[in-house]
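These notebook entries record what I looked up in the structure. I began with the strands and their pairing, then turned to the helices, the ligand and the backbone.

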Amino acid sequence: MSTEPAAAGAATPGGYDRRRELQAFDDTKAGVKGLVDAGVTAVPTIFRHHPDSLDLEATSSSTDDVAAIPVVDLSGAPREEVVARVRHAAETVGFFQVVNHGVPGELMAAVLDGVRRFNEGPAEAKRRAYTRDTARKVRFSSNFDLFQSAAANWRDTLFCELAPVPPSPEELPEAVRDVMLEYGGAATELALRVLELLSESLGLPGDRLREMGCAQGLNVVSHYYPPCPEPHLTLGTTRHTDANFITVLLQDGMGGLQVLLDRAGAGGGRRWVDVPPLPGALIINIGDLLQLVSNDRLRSVEHRVLANGSSDTARVSVACFFNTDIKGSTRLCGPITEGGNDDPPLYRSVTVREFMARVYSEGLGGRPLDYFRLEH
Ligand code: OGA
Ligand code: NI
(Lines give C-alpha, C1' and ligand atoms only; values in the text may rest on other atoms or scores of the structure.)
(Ligands and ions follow the chains in the order given, each with its own letter.)
Protein backbone atom coordinates (compact mmCIF):
# COMPACT_ATOMS: atom_id res chain seq x y z
CA MET A 1 0.00 0.00 0.00
CA SER A 2 1.25 3.49 -0.80
CA THR A 3 2.03 5.71 2.16
CA GLU A 4 1.86 8.83 0.01
CA PRO A 5 -0.81 11.07 1.54
CA ALA A 6 -3.36 12.12 -1.06
CA ALA A 7 -4.15 15.84 -1.18
CA ALA A 8 -7.24 16.74 0.82
CA GLY A 9 -10.26 16.90 -1.45
CA ALA A 10 -8.84 14.85 -4.30
CA ALA A 11 -9.97 11.30 -4.92
CA THR A 12 -7.07 9.18 -6.10
CA PRO A 13 -7.38 6.96 -9.18
CA GLY A 14 -7.76 4.02 -6.83
CA GLY A 15 -10.89 5.66 -5.47
CA TYR A 16 -9.41 6.77 -2.16
CA ASP A 17 -11.10 9.95 -1.02
CA ARG A 18 -9.01 11.49 1.75
CA ARG A 19 -11.43 14.29 2.44
CA ARG A 20 -14.24 11.82 2.98
CA GLU A 21 -12.11 9.67 5.29
CA LEU A 22 -11.18 12.71 7.36
CA GLN A 23 -14.81 13.75 7.63
CA ALA A 24 -15.91 10.24 8.61
CA PHE A 25 -13.24 10.15 11.33
CA ASP A 26 -14.19 13.61 12.61
CA ASP A 27 -17.88 12.70 12.63
CA THR A 28 -17.25 9.88 15.10
CA LYS A 29 -16.34 12.59 17.67
CA ALA A 30 -14.44 9.80 19.43
CA GLY A 31 -10.93 10.72 18.33
CA VAL A 32 -8.00 8.36 17.96
CA LYS A 33 -8.98 6.72 21.27
CA GLY A 34 -12.21 5.70 19.54
CA LEU A 35 -10.23 3.89 16.82
CA VAL A 36 -8.12 2.09 19.40
CA ASP A 37 -11.23 1.11 21.39
CA ALA A 38 -12.73 -0.26 18.17
CA GLY A 39 -9.69 -2.53 17.90
CA VAL A 40 -7.82 -1.16 14.86
CA THR A 41 -4.66 -3.14 14.24
CA ALA A 42 -3.37 -0.99 11.35
CA VAL A 43 -2.89 2.77 11.13
CA PRO A 44 -5.59 4.16 8.79
CA THR A 45 -4.29 5.95 5.70
CA ILE A 46 -5.21 9.47 6.89
CA PHE A 47 -2.63 9.06 9.68
CA ARG A 48 0.20 7.75 7.51
CA HIS A 49 3.05 10.21 7.11
CA HIS A 50 5.38 10.27 4.15
CA PRO A 51 8.57 8.41 5.14
CA ASP A 52 10.67 11.53 4.45
CA SER A 53 8.64 13.62 6.87
CA LEU A 54 8.85 10.92 9.54
CA ASP A 55 12.62 11.31 9.65
CA LEU A 56 12.85 8.52 12.22
CA GLU A 57 16.45 7.52 11.43
CA ALA A 58 17.66 10.92 12.60
CA THR A 59 16.91 10.16 16.25
CA SER A 60 20.08 10.42 18.28
CA SER A 61 20.94 7.80 20.83
CA SER A 62 23.93 9.73 22.12
CA THR A 63 23.84 10.50 25.82
CA ASP A 64 25.84 13.66 25.08
CA ASP A 65 22.92 14.95 23.07
CA VAL A 66 20.41 14.25 25.83
CA ALA A 67 22.73 15.99 28.29
CA ALA A 68 22.58 19.05 26.02
CA ILE A 69 19.02 19.75 27.18
CA PRO A 70 19.63 21.78 30.31
CA VAL A 71 18.01 21.22 33.70
CA VAL A 72 17.79 24.46 35.68
CA ASP A 73 17.21 24.55 39.43
CA LEU A 74 15.17 27.70 40.01
CA SER A 75 15.85 27.87 43.72
CA GLY A 76 19.34 26.52 44.03
CA ALA A 77 21.80 29.23 43.11
CA PRO A 78 22.42 32.95 43.42
CA ARG A 79 20.06 34.86 41.13
CA GLU A 80 22.73 35.93 38.62
CA GLU A 81 23.65 32.32 38.18
CA VAL A 82 20.04 31.29 37.54
CA VAL A 83 19.71 34.14 35.02
CA ALA A 84 22.89 32.99 33.29
CA ARG A 85 21.67 29.39 33.08
CA VAL A 86 18.25 30.33 31.78
CA ARG A 87 19.86 32.63 29.26
CA HIS A 88 22.23 29.98 28.01
CA ALA A 89 19.39 27.46 27.68
CA ALA A 90 17.08 29.93 25.90
CA GLU A 91 19.80 31.11 23.51
CA THR A 92 21.07 27.68 22.54
CA VAL A 93 18.60 24.81 22.83
CA GLY A 94 15.48 26.95 23.39
CA PHE A 95 14.17 24.08 25.53
CA PHE A 96 14.97 23.32 29.15
CA GLN A 97 13.61 21.54 32.18
CA VAL A 98 13.10 23.31 35.50
CA VAL A 99 13.08 21.86 39.00
CA ASN A 100 12.18 23.55 42.31
CA HIS A 101 9.77 25.59 40.22
CA GLY A 102 7.05 26.13 42.82
CA VAL A 103 4.26 24.15 41.14
CA PRO A 104 3.18 21.50 43.68
CA GLY A 105 3.83 17.90 42.63
CA GLU A 106 0.31 16.85 43.72
CA LEU A 107 -1.22 19.46 41.44
CA MET A 108 0.86 18.21 38.51
CA ALA A 109 -0.21 14.63 39.22
CA ALA A 110 -3.86 15.70 39.62
CA VAL A 111 -4.05 17.50 36.27
CA LEU A 112 -2.43 14.56 34.43
CA ASP A 113 -4.87 12.23 36.15
CA GLY A 114 -7.89 14.41 35.30
CA VAL A 115 -6.90 14.56 31.63
CA ARG A 116 -6.43 10.79 31.55
CA ARG A 117 -9.80 10.20 33.22
CA PHE A 118 -11.56 12.53 30.77
CA ASN A 119 -10.08 10.70 27.79
CA GLU A 120 -10.70 7.25 29.24
CA GLY A 121 -14.15 8.17 30.54
CA PRO A 122 -17.58 7.91 28.93
CA ALA A 123 -17.60 8.44 25.15
CA GLU A 124 -20.74 10.55 25.59
CA ALA A 125 -18.98 13.26 27.64
CA LYS A 126 -16.27 13.46 24.98
CA ARG A 127 -18.80 13.59 22.15
CA ARG A 128 -20.52 16.54 23.85
CA ALA A 129 -17.22 18.39 24.19
CA TYR A 130 -16.04 17.62 20.63
CA THR A 131 -16.05 20.75 18.47
CA ARG A 132 -13.98 22.89 16.11
CA ASP A 133 -15.89 26.02 17.06
CA THR A 134 -13.12 28.37 18.25
CA ALA A 135 -15.73 30.62 19.86
CA ARG A 136 -15.99 27.95 22.56
CA LYS A 137 -13.41 28.26 25.33
CA VAL A 138 -13.33 24.54 26.03
CA ARG A 139 -13.16 22.13 23.15
CA PHE A 140 -12.17 18.56 22.59
CA SER A 141 -11.00 17.37 19.18
CA SER A 142 -8.48 15.22 17.40
CA ASN A 143 -5.94 17.21 15.35
CA PHE A 144 -6.87 20.93 15.34
CA ASP A 145 -5.50 21.03 11.77
CA LEU A 146 -7.09 17.74 10.63
CA PHE A 147 -8.36 19.22 7.37
CA GLN A 148 -5.20 21.23 6.59
CA SER A 149 -2.34 18.88 7.37
CA ALA A 150 -0.76 16.38 4.96
CA ALA A 151 -1.16 13.60 7.52
CA ALA A 152 -3.00 13.37 10.81
CA ASN A 153 -1.36 12.71 14.19
CA TRP A 154 -2.07 9.87 16.61
CA ARG A 155 -3.46 12.01 19.42
CA ASP A 156 -6.56 13.68 20.86
CA THR A 157 -6.61 17.09 22.52
CA LEU A 158 -8.63 18.96 25.12
CA PHE A 159 -8.19 22.69 24.63
CA CYS A 160 -9.06 25.13 27.46
CA GLU A 161 -8.78 28.89 27.06
CA LEU A 162 -8.14 30.02 30.66
CA ALA A 163 -6.97 33.64 30.35
CA PRO A 164 -7.58 36.51 30.01
CA VAL A 165 -11.15 35.41 30.76
CA PRO A 166 -11.58 31.92 32.26
CA PRO A 167 -14.45 29.65 31.28
CA SER A 168 -17.17 29.06 33.83
CA PRO A 169 -16.54 25.81 35.71
CA GLU A 170 -19.55 24.14 34.03
CA GLU A 171 -17.88 24.55 30.66
CA LEU A 172 -15.02 22.30 31.81
CA PRO A 173 -15.44 18.52 31.61
CA GLU A 174 -16.20 17.12 35.03
CA ALA A 175 -12.95 15.09 35.15
CA VAL A 176 -10.80 18.25 35.06
CA ARG A 177 -13.22 20.75 36.62
CA ASP A 178 -11.62 20.88 40.04
CA VAL A 179 -8.03 21.01 38.89
CA MET A 180 -7.72 22.90 35.60
CA LEU A 181 -8.07 26.46 36.89
CA GLU A 182 -5.77 25.85 39.84
CA TYR A 183 -3.12 24.23 37.65
CA GLY A 184 -3.36 27.11 35.15
CA GLY A 185 -2.84 29.58 38.00
CA ALA A 186 0.25 27.78 39.28
CA ALA A 187 1.71 27.48 35.78
CA THR A 188 1.11 31.22 35.27
CA GLU A 189 3.12 32.07 38.38
CA LEU A 190 5.97 29.97 37.04
CA ALA A 191 5.72 31.54 33.57
CA LEU A 192 5.91 35.02 35.11
CA ARG A 193 9.04 34.03 37.04
CA VAL A 194 10.66 32.66 33.91
CA LEU A 195 9.69 35.75 31.89
CA GLU A 196 11.39 37.86 34.54
CA LEU A 197 14.57 35.78 34.24
CA LEU A 198 14.38 36.03 30.44
CA SER A 199 13.86 39.81 30.58
CA GLU A 200 16.97 40.13 32.69
CA SER A 201 18.92 37.84 30.43
CA LEU A 202 18.08 40.20 27.54
CA GLY A 203 19.46 43.13 29.57
CA LEU A 204 15.96 44.50 30.18
CA PRO A 205 14.13 45.47 33.37
CA GLY A 206 12.69 42.33 35.01
CA ASP A 207 9.09 43.30 34.31
CA ARG A 208 9.59 44.15 30.62
CA LEU A 209 8.19 40.96 29.06
CA ARG A 210 5.32 40.74 31.52
CA GLU A 211 4.42 44.36 30.77
CA MET A 212 4.34 43.50 27.07
CA GLY A 213 1.54 41.12 27.97
CA CYS A 214 3.46 37.91 27.20
CA ALA A 215 1.47 35.95 29.80
CA GLN A 216 -1.89 37.71 29.61
CA GLY A 217 -3.44 34.90 27.61
CA LEU A 218 -3.28 31.23 28.53
CA ASN A 219 -4.44 28.22 26.55
CA VAL A 220 -4.03 24.93 28.37
CA VAL A 221 -3.75 22.24 25.73
CA SER A 222 -3.96 18.72 27.14
CA HIS A 223 -2.90 15.90 24.87
CA TYR A 224 -3.75 12.22 25.01
CA TYR A 225 -1.58 9.89 22.91
CA PRO A 226 -3.24 6.45 22.70
CA PRO A 227 -1.09 3.36 22.07
CA CYS A 228 -0.43 3.03 18.35
CA PRO A 229 -0.38 -0.38 16.61
CA GLU A 230 2.14 0.79 13.95
CA PRO A 231 4.11 3.66 15.51
CA HIS A 232 6.70 3.68 12.72
CA LEU A 233 4.06 4.93 10.24
CA THR A 234 2.76 8.03 11.99
CA LEU A 235 3.58 10.64 14.65
CA GLY A 236 2.04 11.78 17.93
CA THR A 237 2.72 15.41 17.06
CA THR A 238 4.25 16.63 13.79
CA ARG A 239 7.44 18.69 14.04
CA HIS A 240 6.62 22.32 14.80
CA THR A 241 7.59 25.38 16.77
CA ASP A 242 5.18 26.86 19.31
CA ALA A 243 3.34 29.95 18.10
CA ASN A 244 3.34 31.88 21.37
CA PHE A 245 5.74 33.58 23.77
CA ILE A 246 6.49 30.77 26.18
CA THR A 247 5.27 27.25 26.93
CA VAL A 248 5.23 25.41 30.24
CA LEU A 249 4.92 21.72 29.41
CA LEU A 250 4.12 18.87 31.76
CA GLN A 251 4.68 15.34 30.46
CA ASP A 252 3.99 12.04 32.18
CA GLY A 253 6.58 9.26 32.39
CA MET A 254 6.00 7.66 28.97
CA GLY A 255 8.48 9.66 26.87
CA GLY A 256 8.40 10.39 23.14
CA LEU A 257 9.02 14.14 23.09
CA GLN A 258 12.01 15.12 20.95
CA VAL A 259 13.71 18.39 20.02
CA LEU A 260 15.74 19.08 16.90
CA LEU A 261 19.27 19.99 17.93
CA ASP A 262 22.11 21.43 15.88
CA ARG A 263 25.27 19.66 16.86
CA ALA A 264 28.36 21.81 16.72
CA GLY A 265 30.90 19.07 17.33
CA ALA A 266 30.65 15.34 16.68
CA GLY A 267 30.40 15.77 12.93
CA GLY A 268 27.68 18.42 13.17
CA GLY A 269 24.28 17.92 11.62
CA ARG A 270 20.81 18.06 13.06
CA ARG A 271 19.48 15.31 15.29
CA TRP A 272 16.23 14.54 17.07
CA VAL A 273 17.03 14.29 20.75
CA ASP A 274 14.75 12.85 23.45
CA VAL A 275 13.54 15.11 26.24
CA PRO A 276 13.54 12.43 28.92
CA PRO A 277 10.75 12.45 31.53
CA LEU A 278 12.22 13.83 34.75
CA PRO A 279 9.95 13.24 37.76
CA GLY A 280 8.80 16.52 39.28
CA ALA A 281 10.23 18.69 36.50
CA LEU A 282 8.43 20.98 34.08
CA ILE A 283 9.64 21.81 30.60
CA ILE A 284 9.98 25.39 29.40
CA ASN A 285 10.31 26.28 25.76
CA ILE A 286 10.64 29.53 23.88
CA GLY A 287 7.90 30.28 21.33
CA ASP A 288 8.03 32.05 17.98
CA LEU A 289 6.85 35.39 19.34
CA LEU A 290 9.62 35.50 21.93
CA GLN A 291 12.12 34.73 19.17
CA LEU A 292 10.60 37.63 17.20
CA VAL A 293 10.66 40.23 20.01
CA SER A 294 14.16 39.12 21.07
CA ASN A 295 15.31 39.56 17.46
CA ASP A 296 16.53 35.94 17.27
CA ARG A 297 18.47 36.02 20.53
CA LEU A 298 16.09 33.53 22.11
CA ARG A 299 15.29 30.49 20.02
CA SER A 300 11.99 28.83 19.20
CA VAL A 301 13.13 25.32 18.42
CA GLU A 302 11.38 22.58 16.47
CA HIS A 303 10.07 19.65 18.43
CA ARG A 304 7.75 16.69 17.91
CA VAL A 305 6.26 13.69 19.68
CA LEU A 306 6.74 10.15 18.38
CA ALA A 307 3.66 7.95 18.10
CA ASN A 308 3.18 6.04 21.33
CA GLY A 309 4.59 2.55 20.84
CA SER A 310 3.36 1.18 24.15
CA SER A 311 0.97 -1.75 23.81
CA ASP A 312 -1.44 -0.64 26.51
CA THR A 313 -0.77 2.75 28.11
CA ALA A 314 -1.58 6.17 26.70
CA ARG A 315 0.80 9.10 27.09
CA VAL A 316 -0.58 12.32 28.60
CA SER A 317 0.89 15.82 28.46
CA VAL A 318 -0.40 19.25 29.43
CA ALA A 319 0.98 22.27 27.55
CA CYS A 320 0.36 25.79 28.87
CA PHE A 321 0.72 28.23 26.00
CA PHE A 322 1.27 31.79 27.17
CA ASN A 323 0.48 34.58 24.81
CA THR A 324 -0.98 38.07 24.78
CA ASP A 325 -4.74 38.49 24.78
CA ILE A 326 -4.97 37.14 21.23
CA LYS A 327 -8.58 38.06 20.58
CA GLY A 328 -8.55 41.46 22.30
CA SER A 329 -5.11 42.97 21.82
CA THR A 330 -4.28 45.21 18.87
CA ARG A 331 -0.80 46.02 20.17
CA LEU A 332 2.07 45.64 17.72
CA CYS A 333 4.92 43.28 18.63
CA GLY A 334 8.31 43.84 17.08
CA PRO A 335 11.98 43.34 17.93
CA ILE A 336 12.89 45.10 21.19
CA THR A 337 15.58 47.72 20.59
CA GLU A 338 16.57 48.88 24.08
CA GLY A 339 18.92 47.30 26.64
CA GLY A 340 21.83 46.90 24.24
CA ASN A 341 19.66 45.06 21.73
CA ASP A 342 20.70 47.33 18.90
CA ASP A 343 21.11 44.92 16.01
CA PRO A 344 18.98 45.83 12.97
CA PRO A 345 15.47 44.40 13.36
CA LEU A 346 15.10 41.03 11.68
CA TYR A 347 11.28 41.06 11.69
CA ARG A 348 8.53 43.49 10.92
CA SER A 349 6.11 44.32 13.70
CA VAL A 350 2.90 42.32 13.82
CA THR A 351 -0.20 42.11 15.91
CA VAL A 352 -0.45 38.76 17.63
CA ARG A 353 -3.82 38.28 15.95
CA GLU A 354 -2.18 38.65 12.53
CA PHE A 355 0.57 36.24 13.57
CA MET A 356 -1.95 33.65 14.77
CA ALA A 357 -4.00 33.97 11.57
CA ARG A 358 -0.85 33.05 9.67
CA VAL A 359 -0.22 30.10 12.00
CA TYR A 360 -3.70 28.70 11.49
CA SER A 361 -3.51 29.11 7.72
CA GLU A 362 -0.21 27.17 7.62
CA GLY A 363 -1.25 24.44 10.09
CA LEU A 364 1.11 22.57 12.41
CA GLY A 365 4.63 22.42 11.00
CA GLY A 366 4.36 25.73 9.13
CA ARG A 367 7.08 28.39 9.45
CA PRO A 368 5.20 31.54 10.42
CA LEU A 369 8.36 33.34 11.61
CA ASP A 370 9.87 33.12 8.12
CA TYR A 371 6.84 34.92 6.74
CA PHE A 372 7.42 38.01 8.91
CA ARG A 373 11.20 38.05 8.55
CA LEU A 374 12.60 41.13 6.81
CA GLU A 375 14.88 40.72 3.80
CA HIS A 376 18.47 41.70 4.46
C1 OGA B 1 2.62 21.16 21.85
C2 OGA B 1 3.67 20.17 22.11
C3 OGA B 1 4.43 18.24 23.32
C4 OGA B 1 3.89 17.10 24.11
O5 OGA B 1 1.47 20.95 22.31
O6 OGA B 1 2.94 22.16 21.19
O7 OGA B 1 4.74 20.33 21.60
O8 OGA B 1 4.69 16.50 24.82
N9 OGA B 1 3.40 19.14 22.93
O10 OGA B 1 2.69 16.80 24.02
NI1 NI C 1 4.91 22.34 20.88
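**Entry 1. Four-stranded sheet.** I looked first at strand E8 (residues 257-262) and found that E8 and E9 pair in the antiparallel sense over 5 bridges. For one register point I took Gln258, whose bridge partner in E9 is Asp274. The model is a predicted one, and I read these pairings as features of that prediction. I then traced the whole sheet: it is open, has 4 strands in the order E6-E11-E8-E9, and its pairing is antiparallel. At its edges I noted strand E6 (235-240) and strand E9 (270-274), each of which pairs on one side only. Neighbouring strands here are turned by 30° against each other on average, with direction ignored.

**Entry 2. Eight-stranded sheet.** I followed the other open sheet through 8 strands and recorded the order E1-E2-E10-E7-E12-E5-E4-E3, with mixed pairing. Its edge strands are E1 (71-73) and E3 (138-141), and each pairs on one side only. For this sheet I noted an average turn of 25° between neighbouring strands, direction ignored. Within the sheet I examined strand E5 (residues 217-225) and strand E12 (residues 315-323), which pair in the antiparallel sense over 9 bridges. I checked Gly217 there and found Asn323 as its bridge partner in E12.

**Entry 3. Helices on the sheet.** I next asked which strands helix H5 (residues 79-91) touches. Helix H5 packs on the eight-stranded sheet and touches E1, strand E2 (95-99) and strand E10 (282-286). The direction of H5 makes about 160° with that of E1. Helix H9 (residues 180-201) lies across E2, strand E4 (156-163), E5, strand E7 (246-251), E10 and E12. I recorded an angle of about 130° between H9 and E7.

**Entry 4. Ligand 1.** I listed the residues that surround ligand 1: His223, Tyr225, His240, Asp242, Leu249, Leu257, His303, Val305, Arg315, Ser317, Ala319 and Phe321. By class, I recorded 6 nonpolar, 4 polar and 2 charged residues in this shell. Which strand supplies the largest share of the shell? That share, 4 residues, comes from E12. E5, strand E11 (303-306) and E12 each supply at least two residues. I therefore note that the shell draws on both sheets, since E5 and E12 belong to the eight-stranded one and E11 to the four-stranded one.

I then looked at N or O atoms of side chains beside oxygen atoms of the ligand. For His223 the distance to a ligand 1 oxygen is 2.7 Å, for Arg315 it is 2.9 Å, and for Asp242 it is 3.2 Å. Taken alone, ligand 1 exposes 290 Å², of which the protein buries 95%.

**Entry 5. Backbone exceptions.** I closed with the backbone. Most residues other than glycine have a negative phi, and most peptide bonds are trans. I found a cis peptide bond joining Ala163 and Pro164, with omega at about 15°. Pro164 is in the loop between E4 and helix H8 (174-177). I also noted Asp55, a residue other than glycine with a positive phi, near 55°. Asp55 is placed in the loop between helix H3 (51-54) and helix H4 (63-67).

How values were computed: Residues numbered from 1 in each chain as written. Chains lettered and ligands numbered in written order. Predicted model: local features only at pLDDT ≥ 70, side-chain atom pairs only at ≥ 80, totals over all residues. Heavy atoms only, no water. Pairing = 2+ DSSP bridges. Axes fitted to C-alpha atoms, helices over the stretch in contact; angles between N-to-C directions. Contact = heavy atoms within 4.5 Å. Near = heavy atom within 4 Å. Polar contact = N/O pair within 3.5 Å; in protein donor to acceptor, adjacent residues only side chain to side chain. Areas by Shrake-Rupley, 256 points an atom, 1.4 Å probe, with all protein chains shown as cover. Nonpolar A, V, L, I, M, F, W, Y, C, P; charged D, E, K, R; others polar.
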